[in-house]
Amino acid sequence: MFEQHRETLEKALSAIAGRGYWSAYPESPSPRVYGEGAAERGKEAFESYLGKPFPIEQPGTGSWIGAERSPYGIDLGVTYPEPVVEDLIGAAKAAMPAWRDAGPEARALTCVEIVNRINQSSFELANAVQHTTGQAFVMAFQAGGPHAQDRALEAVAYGYAAMTSSAAAARWEKPGKGEPLVMDKRFTVVPRGVALVIGCNTFPTWNAYPGLFASLVTGNPVIVKPHPRAILPLAITVRIAREVLAEAGFDPALVSLAAEEGRGLAKTLATHPGVRIVDFTGSTEFGEWLEQNARQALVHTEKAGVNAVVLDSTDSWRGMLNNLAFSLSLYSGQMCTAPQNILVPAAGIETDEGHKSFDEVASGLAAAVGKLLGDDARAVELIGAVVNADVLARVEGAPSLGEVVLESRAVTHPSFPDAVIRTPVIVRVDPAASDVYGREHFGPISFLIPTSSTAESLDVLRRTTTARGALTAVAYSTSPDVLDQAERAALEAGVNLSCNLTGGVFVNQSAAFSDYHGTGANPAATASLTDPGFVAGRFHLVQSRRPA
């Protein structure tokens with residue numbers, strides 16, 4: 001089990017240092033990649049869970065709970081063991097000493113085997129992600145499968161690198177008048193304690209895997225608390241992890257599932273004295289509550305943000321519009337990286353097709369979105385389904401916020417007629433309406449804002465990011481000086497910047513081993529997925545010494 005993954009771990013370590021392109025897990029769902037029949041077997045595995053108790057053995061009350069309903073209109077009917085908090089934490093603590101004593105290499109290679117086993121279940125997970133998040137299938141396969149698995153492996157690599165950055169043992173000799181002073185010293189990685197991962201509704205695996213594997217590789221047992229509407233993907237993950245841990249000779253209680261139906265379990269677990277690490281993705285309100293109340297724990301949060309696009313000029317008018325249209329439409333804007341505020345000088349911008357007024361920019365963007373989503377059967381494979389009623393309410397209320405540039409329309413899915421699907425809405429708002437565009441409107445909602453100049457646009461980017469946070473920012477300009485100003489603004493605001501995206505790279509995307517997701521430098525996140533700071537606080541180094 002261990003030896004077959006040593007090369008993969010070494011490649012991952014090289015990748016986090018070099019930051020170039022590398023992926024351990026192919027993102028193509030083609031049978032040529034994953035084998036003939038893999039898609040069918042994955043779907044059958046997913047369907048085998050429906051309407052039944054989930055196959056997992058761990059401490060519980062004896063009751064089975066679960067109320068997941070697919071955004072595509074299907075009641076999943078899967079139930080999960082209702083957890084007993086003290087039992088889960090007690091079992092996790094009991095499992096920790098042997099896992100600690102196994103050492104960094106054994107833990108890392110076990111974690112790589114878990115990720116490898118998860119990769120073999122990518123089609124099963126894709127169906128589970130699709131029917132708990134509303135993502136279209138291909139996106140569910142990629143983001144919920146290989147892309148999430150790459151992030152998991154990245155976290156393992158960062159954790160292993162941090163734990164092995166110095167010697168585990170040393171002989172210390174200090175010259176003296178007679179014989180030298182000689183000591184033997186050992187330096188042991190000691191885990192912080194039980195970790196809690198609180199999952200989100202929209203990207204249950206992609207956002208949970210970094211915290212899960214960063215804690216596990218550094219010696220901490222992990223309790224996984226999924227979002228009540230997206231339990232199944234993480235339940236499958238926990239089942240696989242427990243199987244691998246048992247096969248490797250460790251206590252499967254190192255990873256456990258804490259499912260709920262929305263009764264405040266996250267608060268109970270996060271503030272329990274036995275929980276020492278908390279990873280959370282979700283709303284700003286609950287993220288801030290955790291930061292303020294889970295005082296006994298190291299808390300990492302990824303919260304809401306206000307992502308901005310600054311339009312100054314472009315040498316690819318159509319490429320810019322098409323790229324933005326795709327970014328606004330992908331998964332109905334239900335991504336923490338999706339752009340929201342599009343800042344355009346009121347006087348317009350220069351392009352390779354001549355000067356374009358503000359109104360022409362607005363109509364051009366609306367037309368690009370309309371063309372992209374004009375065919376319903378094709379549109380649903382890009383925008384997926386609305387994940388919950390809150391998003392739908394925001395979409396329906398968006399026209400009251402300003403002047404509608406592009407109306408949202410309902411789309412009928414050819415395979416799932418009960419799915420709730422809406423195309424993006426674009427609204428023009430005055431630059432003085434910072435109470436509107438200065439907060440996140442999660443979903444397929446964006447604002448066109450006429451500013452006095454590009455300088456004001458950059459100032460708005462700076463202000464909104466500093467006040468409310470952002471995961472991404474975009475700038476379009478043919479001027480090197482303006483691009484330098486945009487980069488300075490992004491550095492001051494602490495947000496990752498993309499410039500002049502007109503081709504096949506989109507601001508929504510974040511590539512493991514190369515792109516950092518979040519920075520920890522603005523209110524949207526306390527850390528980056530994944531960097532050394534994300535793993536460093538999860539363990540301590542404790543030394544022992546004795547005369548040689």
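Good morning. I begin with an open sheet of seven strands, whose pairing is mixed and whose order is β14-β15-β16-β11-β10-β17-β18. The model before you is a predicted one. At the edges of this sheet stand β14, residues 403–406, and β18, residues 497–499, each of which pairs on one side only. From one strand to the next, the twist averages 25°.

Let me recall a general point about sheets. Their strands pair through backbone hydrogen bonds, in either a parallel or an antiparallel manner. Within our sheet, strand β11, residues 341–345, and strand β16, residues 445–451, run parallel and are joined by five bridges. To give one such pairing, Leu 343 has Ile 449 as its bridge partner in β16.

A helix accompanies these strands. Helix α18, residues 454–468, lies across β10 (308–311), β11, β16 and β17 (473–476). Relative to β10, α18 runs at about 170°.

I turn next to helix α13, which spans residues 317–329. How do the axes of α13 and α14 cross? They come within 9 Å and cross at roughly 60°, where α14 comprises residues 358–372. That angle makes α13 oblique to α14. The crossing in which α13 passes α14 is right-handed. On the α13 side, the contact involves Trp 317, Leu 321, Asn 322, Leu 324, Ala 325, Phe 326, Leu 328 and Ser 329. On the α14 side, they meet Glu 360, Val 361, Gly 364, Leu 365, Ala 368, Val 369 and Leu 372. Sorted by class, the contact of α13 with α14 has 11 nonpolar residues, three polar and one charged.

One residue of α13 deserves separate mention, namely Ser 327. Is Ser 327 buried or exposed? Its relative accessible area is 1%, and since buried means under 20%, Ser 327 is buried. Setting aside residues up to four places away in sequence, Ser 327 touches Ala 338, Pro 339, Phe 506, Val 507 and Asn 508.

Beyond α13, in the loop that leads to β11, we find Ser 332. Its phi is near 50°, a positive value in a residue other than glycine. Ser 332 counts as buried, at 0% relative accessibility. Phe 513 also has a positive phi, of about 70°, although it is not a glycine. Phe 513 is placed in the loop between β18 and α20. With 0% relative accessibility, Phe 513 counts as buried.

The loop between β18 and α20 (532–536) also holds Thr 530. Which kind of peptide bond joins Leu 529 and Thr 530? The bond is cis, with omega at about 0°.

I now move to another group of helices. Helix α7, residues 137–144, and helix α8, residues 146–163, have axes that come within 3 Å and cross at roughly 10°. The two helices are therefore roughly parallel to each other. Here Phe 141, Gln 142, Ala 143 and Gly 144 of α7 meet Pro 146, His 147 and Ala 148 of α8. The residues of this contact divide into four nonpolar, three polar and no charged.

Helix α8 has a further partner. Its axis and that of helix α9, residues 209–217, come within 8 Å and cross at roughly 30°. This makes α8 roughly parallel to α9. The crossing of α8 past α9 is right-handed. From α8, the contact draws on Ala 148, Gln 149, Arg 151, Ala 152, Ala 155, Val 156, Gly 159 and Met 163. From α9, it draws on Tyr 209, Pro 210, Phe 213, Ala 214 and Val 217. By class, the contact of α8 with α9 divides into 10 nonpolar, two polar and one charged.

Two items remain. Strand β3, residues 169–174, and strand β4, residues 181–191, run antiparallel and are joined by six bridges. Among the partners, Ala 169 is matched with Arg 186 in β4. The hairpin that joins β3 to β4 does so through six residues.

Finally, I come to Gly 66, in the loop between β1 (64–65) and β2 (80–81). Gly 66 counts as partly exposed, at 23% relative accessibility. Apart from neighbours within four places in sequence, Gly 66 is in contact with Val 78, Tyr 80 and Glu 261. Gly 66 and Arg 117 lie 51 residues apart along the chain, and their C-alpha atoms are separated by 25 Å. Thank you for your attention.

Terms used: Residues numbered from 1 in each chain as written. Predicted model: local features only at pLDDT ≥ 70, side-chain atom pairs only at ≥ 80, totals over all residues. Heavy atoms only, no water. Axes fitted to C-alpha atoms, helices over the stretch in contact; angles between N-to-C directions. Helix = DSSP H or I, 4+ residues; strand = E, 2+ residues; numbered from the N terminus. Parallel < 35°, antiparallel > 145°, perpendicular 65-115°, else oblique. Contact = heavy atoms within 4.5 Å. Nonpolar A, V, L, I, M, F, W, Y, C, P; charged D, E, K, R; others polar. Left-handed = near helix turned anticlockwise from the far one by under 90°. Pairing = 2+ DSSP bridges. Buried < 20%, exposed > 50% of the residue type's maximum accessible area, 1.4 Å probe, protein only.
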